[in-house]
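Dear colleague,

I am passing on the structure we spoke about, and below it you will find my notes on what came out of the analysis. Please read them with the model open beside you.

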Amino acid sequence: MREEIGVTSAFKAQLLALPGATALETRRDGLWMLAPEIDVVAMATFMHRAEGRLSTVTGVAREDGETDLIYHYIIGRGAINVKARTKGNGIASIANVTQSANWIEREIHDLYSVNFVGHPDLSPLVRPVQLPEGFFRER
Amino acid sequence: MPYKIPIGPYHPSLDEPYKTIVHCKGEKIQGIDIDIGFNFRAIELLAQRRNYIQDLTLVERVCGICSCVHTLTYALAVESVAGIETPPRAQYIRLIMAELERLHSHLLWAGVAAELIGFQTLFMEVFALREWVMDVLESISGNRVNYAINCIGGVNRDIIDTAAVRAAICETRKGLEKDVVPVFLHNPTVRARTEGVGLLTRDEGLDYGVVGPVARASGIASDVRSDQLYLVYDELGFQIVTAREGDVRARVVVRALEMLESVRLIEEALKRMPGGPIRVPELYLEVPPGEAVVRAEAPRGEVVYYLASDGSDTPARVKIRTPTFVNIPSVRAMSVGQDLADMPLIQAALDPCYSCTDR
């Protein structure tokens, strides 16, 4: 698959050496890492240096009150999806590392009430002020 | 003395509601605040309350201009989780519709840009040309806006009269080659109005994560059509269009040349389109538990869909990331130090879609 182009073995080795990283899994839609404990700031800094583009972050509500956060990165022609998990529905912000994370995190804060620690401005982005934070959690 | 100018959420120069607060000193822009969310419809949440078939109709309403790419990406995501292979003819029809949509979207943008530059004659030329494309879309799908062409496992309608489509596309190509593209590439008025305006460097583009023609105009060679195997772009020899300057003119040039590439892809696809079924035979499809991330190239850039299934007839999660959502924040980098009078042109050069952005 052409998905792999741009993701070298040296890159993979450095990604696997990040704090909290787990094994990489190859799927049809690119590489996946299920790493609930990963240090997202270290990951974002590493990806930023490697000219990785943060495509988006997907928030998925969990029944235990936490939120899975899937960081979708594009490196060259390759896609890397890293699934992290909040603690107490909070996680470190990567907005100070990558500009594009600013709005992405604000939106997830609106919809899933995730507290991004260190985010410069978590004011409502898409949420109407009449609605409470985290209204996407109610299915 | 610094001052602030609020523009929007409702303003004659804006097609859709959003708000910018421009911080100026004299005529020079010092900073900009952007507010979105005026079109928020919670489509992702609604998609988790409807079944897979109903969601096709829903996601088609994410955007009025690039409705086809949303159903396409959604269908690709469902097909990826369910392990469905679409028939080759369906892939060609999907590609033709996607490129027709890009063509009409770029022509719409070219018309708006011409009007903003103050070039009314070009605006009329472009919109007359766009009607050829709209007629083709209508003749294939029966609709001018929401085409309802994609279904899970293929497409709903076949392209029967390929000769008529080819003739209309030929007329579009002639108009593009004779008038529109040369004007955008060489006309001194267009050059004077766009050169050096709204600069976005490659590094800034990477930091903001911009996509589509905005990224390609800043020297970032990123296009899902060449980066990833989807539909039949590789069979048709897709050629990516890039520029290095990163200004409004570079965005104009990239879009103008992309229109010619879209025309070539449509003509080539019509020539090579194989026979056979246009969708899988099963009417009711089971989607097993699983998840998938699918990307496709919309007229404004990369669209991302994340879909998770729990095995029921309703998706557990549908995440939609539209290109304008990542492109809009880069206006900050483009506008600082620019003249206030260039603000409408800088914003228009993004080809923003706020309906998409807010979802």
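**What was found**

R359(B) counts as buried, because 25 C-beta neighbours lie inside 10 Å of this residue, and 20 or more are enough for that label. Please keep in mind here, as throughout, that this is a predicted model. The backbone at R359(B) also deserves a look, since phi is near 55 degrees there, a positive value in a residue other than glycine. Along the chain, R359(B) is placed in the segment after α15 of chain B, the helix that covers 354–358.

A positive phi turns up in chain A as well, where N89(A), although not a glycine, has a value of about 55 degrees. N89(A) belongs to the loop between β5 and β6 of chain A, with β6 spanning 90–92. Is N89(A) buried or exposed, or does it fall in between? N89(A) has 18 C-beta neighbours inside 10 Å and therefore counts as partly exposed, given that the buried class begins at 20 and the exposed class ends at 12.

Turning to chain A as a whole, you will find three helices and seven strands, and their order, read from the N terminus, is α-β-β-α-β-β-β-β-α-β. The C-alpha atoms of chain A fill a box of roughly 50 × 30 × 25 Å along the principal axes. The radius of gyration of chain A is 15 Å, which agrees with the value near 14 Å that a compact globule of 139 residues would have. Of the 139 residues in chain A, 48% are buried. Among the contacts in chain A with a separation of 6 or more, 51% are made by residues 24 or more positions apart.

The two chains also touch each other, with 28 residues of chain A in contact with 27 residues of chain B. On the chain A side, the elements that give two or more residues to this contact are the strands β3 (53–61), β4 (67–75) and β5 (78–85), together with the helix α3 (101–112). Which element provides the largest share of that side? It is β3(A), with six residues. By residue type, the side of chain A that touches chain B divides into 10 nonpolar, nine polar and nine charged residues.

With best regards

Note on methods. Residues are numbered from 1 along each chain as its sequence is written. Chains are lettered from A and ligands numbered from 1 in the order in which they are written. This is a predicted model: local features need pLDDT of at least 70, side-chain atom pairs count only at pLDDT 80 or more; totals for chains, interfaces and linings use all residues. Two residues are in contact if their C-beta atoms, placed from the backbone, lie within 7 Å. Helices (H or I, at least four residues) and strands (E, at least two) are DSSP runs, numbered from the N terminus. Ala, Val, Leu, Ile, Met, Phe, Trp, Tyr, Cys and Pro count as nonpolar, Asp, Glu, Lys and Arg as charged, and the others, Gly among them, as polar. The radius of gyration is taken over C-alpha atoms; the globule rule is 2.2 Å times the number of residues to the power 0.38.
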